[in-house]
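Student: Please take one part of this model and look at it closely. I would like the surroundings of that part described as well, in one connected answer.

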Amino acid sequence: MKRFFTFALLLIICISVAAQKTQVIAHRGYWDTPNNAQNSITALKAAQAIPVYGSEFDVNMTSDGVMVVSHGPKLEEIPDVQKAIYKEVKRVRLKNGEKVPTLKQYLKQGKKGNIKLIFELKVHPSGRVEDEAVRKSVEMVKEFNLKNSEVEFISFSLEACRQLAKLMPGYMVQYLNGKIPPKELKEMGIMGLDYHYSNFVQHPEWVKQAHDLGMIVNVWTVNKEEMMQQMIDLGVDYITTDKPELCIRLIESSSR
């Protein structure tokens with residue numbers, strides 16, 4: 001019996017340690033491969049083919065209300081994708097020749113994979129427009145029956161984060177701007193920090209504070225090995241990077 005309890009305790013410890021291991025999110029998909037482009041369907045497929053936790057992508061709403069996947073505001077020859085109509089956006093070709101995907105097209109491919117979709121809703125020019133973008137985002141996620149195990153939301157807009165947390169209870173929502181301590185975010189109903197790594201260099205205590213509050217910690221966009229290692233050592237939950245395979249190798253070597 002004593003041997004059984006010892007084994008059970010070791011098993012619990014192993015599970016706990018595994019759960020704490022930093023995981024990787026591909027920034028705008030895994031686009032840094034041949035014949036690829038940021039925020040493309042090809043980049044999403046490439047991320048789905050490697051062992052990452054998730055794939056981040058950017059969502060804007062055009063002036064005529066179509067949700068598209070593009071970082072913006074500039075989109076090739078279009079100065080501001082949010083001020084363009086979809087007919088203009090549809091003519092644009094990405095660096096690999098693909099069309100700019102609509103959110104519907106992107107989620108259709110995302111549903112086929114086994115990684116998290118990290119849905120960044122971009123800041124929009126007014127409260128009214130942003131409210132519509134939030135509403136359409138929620139409707140689209142529900143249309144594809146994407147569960148909280150399949151999609152998370154991030155945004156630089158604090159109001160959008162508040163709305164998403166209210167409209168999608170049980171779904172992880174993370175704030176990107178990096179100026180608000182964990183306790184204040186949690187009081188707003190936002191359970192995740194997704195901050196630039198410089199914020200955690202300045203406030204390393206925020207990682208433990210967030211974890212003590214039951215929150216998750218993501219960090220963007222970490223492409224240098226030295227900073228990846230610093231964030232791994234700090235114990236962040238996720239690293240968002242343009243170099244996901246490098247980060248995966250570093251995490252694996254750190255856990256040996």
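Tutor: What follows starts with the whole chain, then turns to one strand and its partners, and then to a few single residues.

The model is a predicted one. Its protein chain folds into 11 helices and 9 strands. The radius of gyration is 19 Å, close to the 18 Å that the globule rule gives for 256 residues, so the chain is as compact as a globular protein of that length. Along the principal axes, the C-alpha trace spans about 70 × 40 × 35 Å. Buried residues account for 51% of the 256 residues. Of the contacts between residues at least 6 apart in sequence, 56% join residues at least 24 apart. The chain exposes about 12900 Å², and 56% of that area is supplied by carbon and sulfur atoms. Its side chains include 34 positive and 30 negative ones, with the centres of the two sets 5 Å apart.

The part chosen for the close look is strand 1, which covers residues 23-26. Strand 1 runs parallel to strand 9 (residues 238-241), and 4 bridges join the two. Within this pairing, Val 24 stands opposite Ile 239. Strand 1 is also joined to strand 2 (residues 54-61), again in parallel, by 2 bridges. Here Ala 26 has Ser 55 as its bridge partner. In a regular strand, side chains alternate between the two faces of the sheet.

The loop between strand 1 and helix 2 (41-48) holds Asn 39. Although Asn 39 is not a glycine, its phi is positive, about 60°. Asn 39 counts as buried because its relative accessibility is 3%, below the 20% cut-off. Asn 145 also has a positive phi without being a glycine, at about 55°. This residue sits in the loop between helix 5 (127-143) and strand 5 (151-155). With 46% relative accessibility, Asn 145 counts as partly exposed.

Another backbone detail is the cis peptide bond between Gly 72 and Pro 73, where omega is about 0°. Pro 73 belongs to the loop between strand 3 (67-69) and helix 3 (86-90).

Elsewhere, Trp 206 is part of helix 9 (residues 205-212). Its relative accessibility of 7% makes Trp 206 count as buried. Leaving aside residues up to four places away in sequence, Trp 206 touches Gly 178, Lys 179, Ile 180, Pro 181, Pro 182, Tyr 195 and Phe 200. Between Trp 206 and Tyr 30, the C-alpha to C-alpha distance is 28 Å, with a sequence separation of 176 residues.

Methods. Residues are numbered from 1 along each chain as its sequence is written. This is a predicted model: local features need pLDDT of at least 70, side-chain atom pairs count only at pLDDT 80 or more; totals for chains, interfaces and linings use all residues. Side-chain values use heavy atoms; hydrogens and water are left out. The radius of gyration is taken over C-alpha atoms; the globule rule is 2.2 Å times the number of residues to the power 0.38. Buried means under 20% relative accessible area, exposed over 50%, partly exposed in between (1.4 Å probe, protein chains only). Contact means heavy atoms within 4.5 Å. Accessible areas come from the Shrake-Rupley method with a 1.4 Å probe; for residues, only the protein chains shown count as cover. Lys and Arg count as positive and Asp and Glu as negative; His and the chain ends are not counted. The place of a charge is taken as NZ of Lys, CZ of Arg, CG of Asp or CD of Glu. Two strands pair if DSSP finds at least two bridges between them.
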